[in-house]
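Student: I have a new structure in front of me and would like to learn how to read it. Could you walk me through it, one feature at a time?

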Amino acid sequence: MSDNTSTGSRAVNNLEQQALAQANAGHYKEAIALYKKLLQQGDNDAWYRQLAHCYLQRAKSFAARGMIQEALALWESYTQYAQPPYQDYDHYMLWLILSGNQSKTETALRQLTAQQLDKDYPKLSAVLGLLILARHPQWHECLPQDSALYAHLVIAQEALKAEDMKSVREAMQALPYRSALRDLRALINACHKASHSLAEIPPSLDKIPPQSPYAAVAALIRLCTLSGAQLAEEMSKLSSHQRRLIGAILALDKQRQKLVDTLSMQQGRLSDKIKFNLAIQFQSLFGIELAQRFCIVLLNDYPAGLKEYKKNFGALDEFENHRLKALRLEQQHRYQEAEFHWRQYIQQLTHQDGDNAVKIALILRHLAKHQEDSEQTTQLLSESLDYDPDDKDSLLQILRFYGQSNETAGPYKQWLQQAEAKFPQDVELLTLVVESAIRNQTYKKAVQYARKILQIDPLNSFAKKTVLSGHLNHARKQLKSKKYQLAAKEIQQAEALRAGKNQNPQAQLLRALLTFASEDKAQGLKLLQDTLATMHRDPLNMHFQAATEALICGLPVATLLRALPPATDYLLSKTQLSHLLQQLSEYGLESGRQELLCKALDKIKAPLKKSLTHLAKEDTLLLSLCETLYQLEHFELMRHCVKSVAISRKKPIWIYYQVYAETGGDPARCNYTQLHSLRLNHELAIQDKDQRARVLIEQYLDRYDEAHRMPAMDQLYDLIEQNMADDPIEQLFAHVPESIMIKIDQKLEKLLTKISPERLFRDLSKSVGNDSNVLVAIMNNPDLFTALMMLRAADELGFDVNISVADVLDYFDAQQSSTPSFPFPF
């Protein structure tokens, strides 16, 4: 018997633990079922309290989801297991109000005490105050008459009977500060101020908290201070009743109210068609000119609106036609054809009244974005600056293009001078001036502009480094000229700058060379050893820097290198090779040092080759080195660098560098095997979207073709060009983009198999008259026939080439006096 009791007790305890766990986890439905099972085992006050708690929490969760009836049903279950006073009774009251059950609401109101209304349930009191004043005045008598809310409602009701807002406001001042109706008083104060002006939000509205039942009304008053598109957008989010209320406050006319109602019906989902139709329907509100311009812009994305546009505003002029055609062609990625129409559009702009320079510049910059050829992009940007010279971004793009090659140094210098004059305080452009001065070895100018940058941006690290480098470079020049006192002065100024942890050793290195050259050679060599030891951890980098500095300063290289640790058998690590690359980059910034750096590299050539073989798997690092050697034109080390990389890992760029090194950069020395390899890798570069490799190979192949072109071919090309210049078809259609001409030529081939000269003349006679002279001219002049057939082909393709039949007949002297000027008579 005791065993059965013990087993039953353990089962109850287990069930109770499960119920408590479910309740703590918020699984109230499951907890309710478990507690009901427990109560079947026997009465327990704790279980009743827990069951009531679960019902209450479940009711509140349903209410939070807007399921009021379900919440009320669960409240009834809660009251079966709970004892008065009930917890969260104010929630139950709010649910009753929301349910619309007047009878139960009034019954529940009569059960409220003054303590509950005035102390315990402030939120419920605020809601009841608003509803009694605005919708349910009969509830007033259901409240306990000894409550403060009851008395305050009497004051408010009397105040609202006043004839003007000022009197209402004065009467409401009788309400105490902590009254449940305090937000109503703040609202009335705001309305009083708003009645004089809606230009700004009354400060008293800020006293109404977001959770207040009066917050929605306060939001509507704030909305009344808006105007224009912002007002329309906010009103469209409101209910119909609220929109009518705001419309009445703001005295909106029927058209404006209708516009807001229409926007509200769309719920923010405005298609191009709806926008277009709204602009036309409410053009009296927007203004006819603004509505028309809006519709013109939308026609690009909504071409079906053209008929409605013509009905309301008339036909589009040629000006807008070109713009729309250009935009549609761009949507189809037909940029060359679009450019033709943009050019026509620009031509129209130049003849329009008013200043359209900026508009033309923006179109030209737009065209530049769609050019595949960077040179054409640069030309368009240059042209845009004729109309809008203050665009810094265009200037920077032009400078980047011309700054890529020494062959364009002249244009780069001209554009840089123009940019400097236009933007004398711009750090980015001043930086380019400094870099150009360094390349030209005009160090004083570089330092001068670097100091100017520091006046604008005192923390600019590039400028600080440039000032330091300027003193160092000038010191090197003075050393080479054996002007040792001037060199010492420059070194002293460099040491005073202390621009970075690696800069002091650089100045100290030059001081060592100055000591060697002008004072004590042994002391100079010792100082050189010590300084280089602090700068580098390997002998190769030490030898390279010593050799480079010696060559720049005109000092004996061999003597200096003998004083350093031997480097013949040393193998560079990956980090040390990166350090060597950094040195090459820093020394190579100035132009004219390529030959000097190649000589310095020759001093460490043997151990460097062994190191490259040792680091054969470091493709990225070796490629960076190969690119640097390519710029220096050190062909021997380039060949070894390319040879170090396995054939299976060689991408097109590697093949280009291999051929370039093997031919010494001269395409005339390129053999058939190398040429075939380049052409094959050119295709691979295109497939891999390796633009750098593609461009480099293309340039090399162009130079190869130039080197192998026969003189007789030059004469043939000149003859062809001369014939093309005399070609009437070429002259008539010279303004038409090449991409359009290709399509016209393809269409022409098909038409020539179908249309004879006689048939063409019959079609023409409908518009130009039955003039036999025209037929004779067509029969006798094949070029005239071809030109007219090309017009026919353009017409059938839908291209407006801006040439009429009259233009063609005039050109060939086959025009009759009364020929009308129709561009497309077919």
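**Reading the fold**

Tutor: Happily! The protein chain has 48 helices and zero strands. Helices (H or I, at least four residues) and strands (E, at least two) are DSSP runs, numbered from the N terminus. With a radius of gyration of 44 Å, well over the 28 Å that the globule rule gives for 826 residues, the protein chain is more spread out than a compact globule. That radius is taken over C-alpha atoms, and the globule rule is 2.2 Å times the number of residues to the power 0.38.

Student: What should I know about the model and its numbering?

Tutor: This is a predicted model, in which local features need pLDDT of at least 70 and side-chain atom pairs count only at pLDDT 80 or more, while totals for chains, interfaces and linings use all residues. Residues are numbered from 1 along each chain as its sequence is written, and side-chain values use heavy atoms, with hydrogens and water left out.

Student: What does the C-alpha trace span along its principal axes?

Tutor: The C-alpha trace of the protein chain spans about 115 × 100 × 70 Å.

Student: How do I read burial, and what percentage of the residues is buried?

Tutor: Buried means under 20% relative accessible area, exposed means over 50%, and partly exposed is in between (1.4 Å probe, protein chains only). Here, buried residues make up 44% of the 826 residues.

Student: And how do I read contacts along the chain?

Tutor: Contact means heavy atoms within 4.5 Å. Among contacts between residues at least 6 apart in sequence, 55% join residues at least 24 apart.

Student: How many positive and negative side chains are there?

Tutor: Lys and Arg count as positive and Asp and Glu as negative, while His and the chain ends are not counted. The place of a charge is taken as NZ of Lys, CZ of Arg, CG of Asp or CD of Glu. In the protein chain there are 95 positive and 97 negative side chains, and the centres of the two sets lie 7 Å apart.

**Cysteines**

Student: How many disulfides does a search of the whole structure find?

Tutor: A disulfide is a covalent bond between the sulfur atoms of two cysteines. The search looks for a pair of cysteine sulfur atoms within 2.5 Å, and it finds zero disulfides in the whole structure.

Student: Why does cysteine 626 have no bond to cysteine 641?

Tutor: The sulfur of cysteine 641 is the closest cysteine sulfur to that of cysteine 626, but at 4.5 Å it is too far for a bond. Cysteine 626 counts as buried because its relative accessibility is 0%. Cysteine 142 is buried too, at 6%.

**Backbone details**

Student: Which peptide bond is cis, with omega near -5 degrees?

Tutor: Look at the bond from proline 84 to proline 85. Proline 85 lies in the loop between helix H4 (68-81) and helix H5 (89-99). That loop between H4 and H5 also holds aspartate 88, which has a positive phi of about 55 degrees although it is not a glycine. Aspartate 88 has a relative accessible area of 19%, so it is buried.

Student: Where is glutamate 633?

Tutor: Find the loop between helix H37 (619-632) and helix H38 (635-644). Glutamate 633 has a positive phi of about 60 degrees, although it is not a glycine. With 43% relative accessibility, glutamate 633 is partly exposed.

**Neighbours in sequence and in space**

Student: How do I compare sequence distance with distance in space?

Tutor: Try proline 667, in the loop between helix H39 (652-662) and helix H40 (672-688). Proline 667 and leucine 701 are 34 residues apart in sequence and 7.6 Å apart in space, C-alpha to C-alpha. Leaving aside neighbours within four places in sequence, proline 667 is in contact with Tyr700, Arg703, Tyr704 and His708. Its relative accessibility of 4% makes proline 667 buried.

Student: Which residues does leucine 637 touch, not counting residues up to four places away in sequence?

Tutor: Leucine 637, in helix H38, touches Leu601, Lys605, Leu608, Lys609 and Leu629 by that count. Leucine 637 is buried, at 0% relative accessibility.

Student: Is serine 578 buried or partly exposed?

Tutor: Serine 578 lies in helix H34 and is partly exposed, at 33% relative accessibility. Serine 578 and leucine 96 are 482 residues apart in sequence and 79 Å apart in space, C-alpha to C-alpha. Glutamine 576 is also found in helix H34 (residues 574-587), and with a relative accessible area of 14%, glutamine 576 is buried.
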